Amino acid sequence: MVRKRIPLVTRPDQAYSFSLSQQNRTDPAQTRDRDEPAGAAEARAPAQPSASIASEDQASRDDSKASIQVDVRVNALKRQEQGLVACGIAPRQVIRAALRKAVKKWGLSATYAIPSSDRRASQASWTVRTSVAVPAAIFDRLLADQDPLGVDSRWSLVRGQLEPLVWAEIDTLLASLSDDSDDVR
């Protein structure tokens, strides 16, 4: 049975948070008002901007930092299979380590890169899955240019940029593991 996927919440819903009960919250300004005369509390309190101006400023800051989660599924190349089997470490762990290193170096570009037609490894159990946060503004430009109808998956739009980096990292890890095994002998 397939479970329904729950959508990921990327930013708080202001309307929902304001509708929550305010009973358990204590405002330091309110407690100060009870302890001090009204004139002293007004003299200390700085001028507060209106709520609409503050919420607009917060929304503009949130938009610049907003990110979108992309589900990533990566496998090694067919040419890397023998090296992965011979390295002495579970191939899935090598691929996962390569993916982590590649994601740290990677930055999403607004230009679409066609996924490589290189043959992937036939071992489906080696497929590594994770999710990656990408800037929403850049992803939206990529989406508007490549998939204006919104029918492709997020991964299909990003795949051509990330997979080659992962494969290069796998090659680097396999080379370092083979150098380490040569040094031991």
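In the predicted model, the chain contains eight helices and two strands. Their order along the sequence is α-α-α-α-β-α-α-β-α-α. The chain comprises 185 residues, of which 23% count as buried. Among contacts with a separation of 6 or more, 87% are made by residues 24 or more positions apart. The exposed surface of the chain amounts to about 13,400 Å², and 52% of it is supplied by carbon and sulfur atoms.

The two strands, S1 and S2, run antiparallel and are joined by eight bridges. One of the residues involved is Gln69, whose bridge partner in S2 is Ala133. The side chains of S1 alternate between two faces. Ile68, Val70, Val72 and Val74 point to one face and are buried, whereas Ser67, Gln69, Asp71 and Arg73 point to the other and are not buried. Arg73, located in strand S1, is partly exposed, with a relative accessibility of 36%. The C-alpha atom of Arg73 is separated by 6.8 Å from that of Thr130, although the two residues are 57 residues apart along the chain. When neighbours within four places in sequence are left aside, Arg73 is in contact with Thr127, Val128, Arg129, Trp155 and Glu163.

The largest nonpolar core consists of 32 residues. Within this core, the residues with the most contacts are Leu84, Val134, Phe139, Val166 and Ile170. At least two core residues come from each of S1, H6, S2, H7 and H8. Helix H8 gives the most, contributing nine residues. Phe139 is also one of the buried residues of helix H7 (residues 136–146), which are Ala136, Phe139 and Leu142. These three residues lie on the same side of H7, because they cover an arc of only 125° around the axis. In an α-helix, residues three or four places apart point the same way, because there are 3.6 residues a turn. Beyond residues up to four places away in sequence, Phe139 touches Ile68, Val70, Leu108, Val134, Arg154, Leu157 and Val158. Two of these partners, Ile68 and Val70, belong to the buried face of S1, and Val134 is itself among the residues with the most contacts inside the core.

Side chains of opposite charge can pair when their charged atoms come close. A search of the whole structure identifies five salt bridges. One of them joins the side chains of Arg79 and Asp171, with an N to O distance of 3.1 Å. This pair links distant parts of the chain, with Arg79 in the loop between strand S1 (67–74) and helix H5 (81–86) and Asp171 in helix H8 (residues 154–184), 92 residues apart. Arg79 is exposed, at a relative accessible area of 57%, while Asp171 is partly exposed, at 28% relative accessibility.

A further salt bridge is formed by Lys105 and Glu169, whose closest N and O atoms are 2.5 Å apart. Lys105 lies in helix H6 (residues 91–105) and Glu169 in helix H8, so this pair ties together parts that are 64 residues apart in sequence. The two partners fall into separate accessibility classes: Lys105 counts as exposed, at 63% relative accessibility, whereas Glu169 is buried, with a relative accessible area of 9%.

Arg120 and Glu163 also meet through their side chains in a salt bridge, at 2.6 Å from N to O. Here the connection runs between the loop separating H6 from strand S2 (128–135), which holds Arg120, and helix H8, which holds Glu163; the two residues are 43 residues apart. Arg120 is partly exposed, with a relative accessible area of 22%. Glu163, by contrast, is buried, with a relative accessible area of 2%. The pair forms part of a network of salt bridges that links Arg120, Arg159 and Glu163. Glu163 is, in addition, one of the residues in contact with Arg73 of strand S1.

Helix H8 is thus a recurring element of the description. Asp171, Glu169 and Glu163 in this helix each take part in a salt bridge with a distant part of the chain, and H8 also gives the most residues to the largest nonpolar core.

Definitions and conventions. Residues numbered from 1 in each chain as written. Predicted model: local features only at pLDDT ≥ 70, side-chain atom pairs only at ≥ 80, totals over all residues. Heavy atoms only, no water. Helix = DSSP H or I, 4+ residues; strand = E, 2+ residues; numbered from the N terminus. Buried < 20%, exposed > 50% of the residue type's maximum accessible area, 1.4 Å probe, protein only. Contact = heavy atoms within 4.5 Å. Areas by Shrake-Rupley, 256 points an atom, 1.4 Å probe, with all protein chains shown as cover. Arc of directions from axis to C-beta. Salt bridge = Lys/Arg side-chain N within 4 Å of Asp/Glu carboxyl O. Pairing = 2+ DSSP bridges. Core = buried A, V, L, I, M, F, W, Y, C linked by side-chain atoms within 4.5 Å.
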